[in-house]
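Here's a quick look through one protein model, written for someone who'd rather poke at the coordinates than read a long preamble. Have the viewer ready.

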Amino acid sequence: GAGRFLEVAARSEAQVVGMDISSAIDAAKENLKGRRNAHFVQASIYEPPFRDAAFDGLYCIGVIQHTPDPPGALRALPRLLKRAGRIAVTIYERKRWTPLYGKYLIRPLTRRMKDTTLLRAIKTVMPVLFPITEVAFRLPVAGKLFTFAIPVANYVHERELSARERYRWAVLDTFDMLSPRYDQPQTQQEVEQALTDAGINNIKRLDNPGVNVVGEKDATEG
């Protein structure tokens, strides 16, 4: 993406490398200019242009479900890790009721729209939907139902963000929600199986939304 999480990783003393197949990598490079420990590569997740065991750690947030073959994408990553290297992934979770989620009901239309047309449509309706979701998403019980039914990415519980920042994020993340060609949530079992097949063990799930798992590469692997 545009480097939102890479910027956080680059606050450390580590050398960090961001990879994206799209031109978003140019936006990330621009957003993180001046960070001498941040590096940028445009490449496919299926064919990362790095030697085996090149990295101590690896993370992939919100990407795997947007690939044509999520298990294959997961299996492509562990070879980049050194022995006992750590990996963390965050993937949309598939449950029985997932197909009823509001965004999946309208994605058959929106994912076929031109990006410029979809973004213009979102900007047109957001002045109405944002204040509605400001109220609806905060309701004690019904809020979860409204969040599930209304395909708007308004992070009402992010207290560190101002209303202006949340509005901008709502536009961008709603576009990110509705525009991808692929959106294939995975079960925890599917994620763990793919990682295990690729030599990852000690897999643990975290409490964050979605399938958030961390693991380590087998110390006997190359």
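Is Ile61 buried, partly exposed or exposed, going by its relative accessible area? Keep in mind that this is a predicted model. Ile61 comes out as partly exposed, because its relative accessible area is 33%, and buried would take a value under 20% while exposed would take one over 50%. You'll find Ile61 in strand 3. On the surface, Ile61 joins Phe5 and Tyr59 in a nonpolar patch, and together the three have about 260 Å² of accessible area.

Now for the sheet that strand 3 belongs to. It's an open sheet of 4 strands in the order 3-4-6-5, with mixed pairing. Strand 3 (55-61) and strand 5 (200-205) are the edges, so to speak: each of them pairs on one side only. On average, neighbouring strands in this sheet are turned by 15° against each other, ignoring direction.

At the strand 5 edge, the partner is strand 6 (residues 211-217); the two run antiparallel and are joined by 4 bridges. Here are two of the residue pairs across them:

| Residue | Opposite residue in strand 6 |
|---|---|
| Lys204 | Val214 |
| Arg205 | Val213 |

Strand 5 and strand 6 make a hairpin with 5 residues between the strands. If you're checking backbone torsions, look at Gly210 in this hairpin, which takes a positive phi near 85°.

There's a helix to add to this picture. Helix 8 (residues 188-197) lies across strand 4 (81-91), strand 5 and strand 6. Relative to strand 5, helix 8 runs at about 160°.

Elsewhere in the chain, try Ala153. It sits in the loop between helix 6 (142-149) and helix 7 (163-178). Is Ala153 buried or exposed? It's buried, because its relative accessible area is 5% and the cut-off for buried is under 20%. Leaving out residues up to four places away in sequence, Ala153 touches Trp169, Ala170, Asp173, Thr174 and Met177. As for distances, how far apart in space are Ala153 and Thr187? They're 22 Å apart, C-alpha to C-alpha, with a sequence separation of 34 residues.

Conventions:
Residues numbered from 1 in each chain as written. Predicted model: local features only at pLDDT ≥ 70, side-chain atom pairs only at ≥ 80, totals over all residues. Heavy atoms only, no water. Pairing = 2+ DSSP bridges. Axes fitted to C-alpha atoms, helices over the stretch in contact; angles between N-to-C directions. Contact = heavy atoms within 4.5 Å. Patch = residues over 30% accessible without salt bridge, like charges linked within 9 Å, V, L, I, M, F, W, Y side chains within 5 Å. Areas by Shrake-Rupley, 256 points an atom, 1.4 Å probe, with all protein chains shown as cover. Salt bridge = Lys/Arg side-chain N within 4 Å of Asp/Glu carboxyl O. Buried < 20%, exposed > 50% of the residue type's maximum accessible area, 1.4 Å probe, protein only.
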